[in-house]
Amino acid sequence: LYAGEKFFGILDEGRLFFKTDAASAADYTARGMGAFTYESKGKLMTMSYHEVPPAVLENAPELTAWAQRAIQLAAAKPKQAKKK
């Protein structure tokens, strides 16, 4: 899912995942929701996206707030890799 050019969400097999950071991921994991994972070249990869809890999906104002937070994270400047 995109807001303009910002990639903030993933729909996968009927499940919705939003962009997270360390602070927001805690809100998802506290509700028992895990990170988005996929397999690549035989390795399990994890992305900074967490599944949206069912209770949030059923509450439009709360879903909107969670989506806006994910959009803000996606819009934030990415951290630059440290030079070695």
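Over how many bridges do E3 and E4 pair, and in which sense? In this predicted model, E3 and E4 are joined by 4 bridges in the antiparallel sense. One of the residue pairs involved is Gly-9 with Phe-18, the latter being the bridge partner in E4.

This pairing belongs to an open sheet of 4 strands, arranged in the order E3-E4-E6-E5 with antiparallel pairing. Strand E3 (9–12) and strand E5 (35–40) each have a single partner strand, so they stand at the edges and one side of each lacks a neighbour in the sheet. From one strand to the next, the twist averages 40°. Across E4 and strand E6 (43–51) lies helix H1 (residues 22–29), which runs at about 85° to E6.

The account now turns to the nonpolar core. In soluble globular proteins, nonpolar side chains tend to be buried together. Here the largest nonpolar core has 11 residues: Phe-8, Leu-16, Phe-18, Tyr-28, Met-33, Val-52, Val-56, Trp-66, Ala-67, Ala-70 and Ala-74. Two or more of these residues come from each of strand E4 (15–19) and helix H3 (60–75), and H3 supplies the largest share, 4 residues. Tyr-28, a member of this core, illustrates how its surroundings are drawn from elsewhere in the sequence: leaving aside neighbours within four places, Tyr-28 is in contact with Phe-18, Thr-20, Met-33, His-50, Glu-51, Val-52, Pro-53 and Trp-66.

Glu-51, one of these contacts of Tyr-28, also leads to the charged pairs. The whole structure holds 3 salt bridges. In one of them, the side chains of Glu-51 and Arg-15 meet at 3.3 Å, N to O. This pair links strand E6, which holds Glu-51, to strand E4, which holds Arg-15, across 36 residues. Glu-51 has a relative accessible area of 18% and therefore counts as buried, whereas Arg-15, at 36%, is partly exposed.

A further salt bridge joins Arg-69 and Asp-27, at 2.5 Å from N to O. Arg-69 lies in helix H3 and Asp-27 in helix H1, 42 residues apart, so this pair too links distant parts of the chain. Relative accessible areas of 35% for Arg-69 and 32% for Asp-27 place both residues in the partly exposed class.

Helix H3 also takes part in the salt bridge between Arg-31 and Glu-62 (3.2 Å, N to O). Glu-62 is the residue in H3, while Arg-31 sits in the loop between H1 and E5, 31 residues away. Arg-31 is partly exposed at 41%, and Glu-62 is partly exposed at 24%.

Note on methods: Residues are numbered from 1 along each chain as its sequence is written. This is a predicted model: local features need pLDDT of at least 70, side-chain atom pairs count only at pLDDT 80 or more; totals for chains, interfaces and linings use all residues. Side-chain values use heavy atoms; hydrogens and water are left out. A nonpolar core is a set of buried Ala, Val, Leu, Ile, Met, Phe, Trp, Tyr and Cys residues joined through side-chain atoms within 4.5 Å. Buried means under 20% relative accessible area, exposed over 50%, partly exposed in between (1.4 Å probe, protein chains only). Contact means heavy atoms within 4.5 Å. Two strands pair if DSSP finds at least two bridges between them. Axes are lines fitted to C-alpha atoms, for helices over the stretch in contact, and angles run from 0 to 180 degrees between N-to-C directions. A salt bridge is a side-chain nitrogen of Lys or Arg within 4 Å of a carboxyl oxygen of Asp or Glu.
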